[in-house]
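Let us take a walk through this structure together, from the overall outline down to single residues. Have the sequence and the 3D view side by side as you read.

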Amino acid sequence: MGWKIDCISMGSFGLDGGAMFGIIPKPLWQRTNPDDDKNRITLQSNCMLLRQGERCVIVEVGNSFDFSDKDRSIYAIGGVTPQPTWQQALKPFDLTPEQITDVICTHLHFDHAGGLSFLNSDGKRQLSFPNATHYIQKRQLEWAKAPSEKDAGSFRSEGIYPFIEDHAKCVFLEGDGELFEGVRVTTVDGHTPAQQLVHVQQQEQNWVFVADLIPTTSHLHLPYIMAYDVEPLKTLKEKQDFLKQAVDEAWTLWFYHDPKTIAAKVTFDGRRFQLGEVVLPG
Ligand SMILES: [Zn+2]
């Protein structure tokens with residue numbers, strides 16, 4: 001028996017194309033990621049659903065549900081594909097949020113962890129997954145509470161901390177390790193301290209949720225590094241080492257933000273890492 005892997009789309013949003021591609025000139029990134037009239041490219045929230053027996057695990061939870069109209073407009077939340085509630089998103093899988101047993105957040109940036117809670121119709125904050133154990137890296141949480149002035153804008157505490165710490169079952173991880181049989185996490189630090197990548201062994205296939213180490217397939221090219229990263233040279237080294245192993249061991253990579261390709265293999269032509277065979281989850 002292995003894990004059943006599915007994608008749950010929590011809707012599109014938009015971020016500045018220049019910030020998403022760092023030093024890459026617009027005429028290059030624009031070919032693969034066209035921008036809108038505000039220079040934003042379309043990104044997705046491709047969350048992962050893992051099921052085995054009674055266990056239902058969600059990796060990443062999408063943007064906050066409680067943005068102001070101004071913020072929804074700035075980040076084009078739901079602009080191309082709507083942002084569902086978790087209740088709506090789980091329905092096609094015959095699941096309710098109460099049935100989710102575990103939630104893994106790779107890091108606490110607002111577009112990855114914002115959906116951990118929501119304001120109900122009485123204006124009270126409520127956990128999105130009231131019965132789940134939440135797996136968060138301790139060093140990432142500490143950083144999120146006291147980020148640098150450079151990356152403070154990527155963290156929006158409302159609904160994440162201290163709310164999750166106070167109200168949810170949490171496991172604060174300290175580095176790499178196995179969470180369940182066939183599911184383990186490894187950490188990288190270039191994008192933000194202790195971002196955790198999620199490795200899932202499914203029969204003969206190894207899937208890796210690469211989060212913001214490689215947010216879209218365009219970021220497979222080594223110099224395509226986001227301006228948001230706190231240590232871009234560390235990202236470069238981490239990406240290079242990771243992709244080498246991914247090619248050698250034929251891993252299937254899961255791209256959380258890619259608007260077209262959720263999962264694919266990677267190839268190396270001696271010069272560049274390239275998108276390989278597309279793999280469909282489900
Ligand atoms: Zn991030």
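The paragraphs below go from the whole chain to its sheets, helices and cores.

Please keep in mind that this is a predicted model. The protein chain contains 8 helices and 15 strands. Its C-alpha trace spans about 55 × 45 × 35 Å along the principal axes. How does the radius of gyration fit with a compact globule? For 282 residues, such a globule would have a value near 19 Å, and the chain has 18 Å, so the two agree. Of the 282 residues, 43% count as buried. Sequence-distant contacts are well represented too: among those between residues at least 6 apart in sequence, 68% join residues at least 24 apart.

Now turn to the sheets. One of them is an open sheet of 6 strands, and you can follow it in the order β1-β2-β3-β4-β7-β8, with mixed pairing. At its edges are β1 (4-16) and β8 (169-173), each of which pairs on one side only. From one strand to the next, the twist averages 20 degrees. Inside this sheet, look at β3 (residues 55-59) and β4 (residues 102-104), which pair in the parallel sense over 3 bridges. Valine 59 has isoleucine 104 of β4 as its bridge partner.

Another open sheet has 7 strands in the order β9-β10-β11-β12-β13-β14-β15, and here again the pairing is mixed. The edge strands are β9 (177-180) and β15 (273-278), each pairing on one side only. Here the twist averages 35 degrees from one strand to the next. Strands β11 (residues 195-202) and β12 (residues 205-209) run antiparallel and are joined by 5 bridges; valine 200 has tryptophan 207 of β12 as its bridge partner. Helix α8 (residues 232-248) packs on this sheet, where it touches β10 (183-188), β12, β13 (252-254), β14 (263-268) and β15. The direction of α8 makes about 95 degrees with that of β14.

Helix α6 is a good place to pause. This helix lies across β7 (133-137) and β8, and it runs at about 75 degrees to β7. Which residues of α6 are buried? They are Gln140, Leu141, Trp143 and Ala144. These four cover an arc of only 165 degrees around the axis, and therefore sit on the same side of α6. The general rule behind such a pattern is that an α-helix has 3.6 residues a turn, so residues three or four places apart point the same way. The cover over the buried residues of α6 includes β7, β8 and β11.

After α6 (138-145), the loop that leads to α7 (163-167) holds glutamate 158. Is glutamate 158 buried or partly exposed? This residue has 14 other C-beta atoms within 10 Å, and 20 or more would be needed for burial, so glutamate 158 is partly exposed. Its C-alpha atom is separated by 8.8 Å from that of serine 64, although the two residues are 94 residues apart along the chain.

Finally, look inside. The largest nonpolar core has 59 residues, and the members that touch the most others are Phe209, Val210, Leu253 and Trp254. Beyond its neighbours within four places in sequence, phenylalanine 209 is in contact with Met48, Val59, Thr106, Leu197, Val198, Trp254 and Tyr256. A second, separate core has 10 residues, among them Phe21, Trp29, Ile77 and Tyr224.

Terms used: Residues are numbered from 1 along each chain as its sequence is written. This is a predicted model: local features need pLDDT of at least 70, side-chain atom pairs count only at pLDDT 80 or more; totals for chains, interfaces and linings use all residues. A nonpolar core is a set of buried Ala, Val, Leu, Ile, Met, Phe, Trp, Tyr and Cys residues joined through C-beta atoms within 7 Å. A residue is buried if 20 or more other C-beta atoms lie within 10 Å of its own, exposed if 12 or fewer, and partly exposed in between; C-beta atoms are placed from the backbone. Two residues are in contact if their C-beta atoms, placed from the backbone, lie within 7 Å. Helices (H or I, at least four residues) and strands (E, at least two) are DSSP runs, numbered from the N terminus. Two strands pair if DSSP finds at least two bridges between them. Axes are lines fitted to C-alpha atoms, for helices over the stretch in contact, and angles run from 0 to 180 degrees between N-to-C directions. The arc is that of the directions from the helix axis to the C-beta atoms. The radius of gyration is taken over C-alpha atoms; the globule rule is 2.2 Å times the number of residues to the power 0.38.
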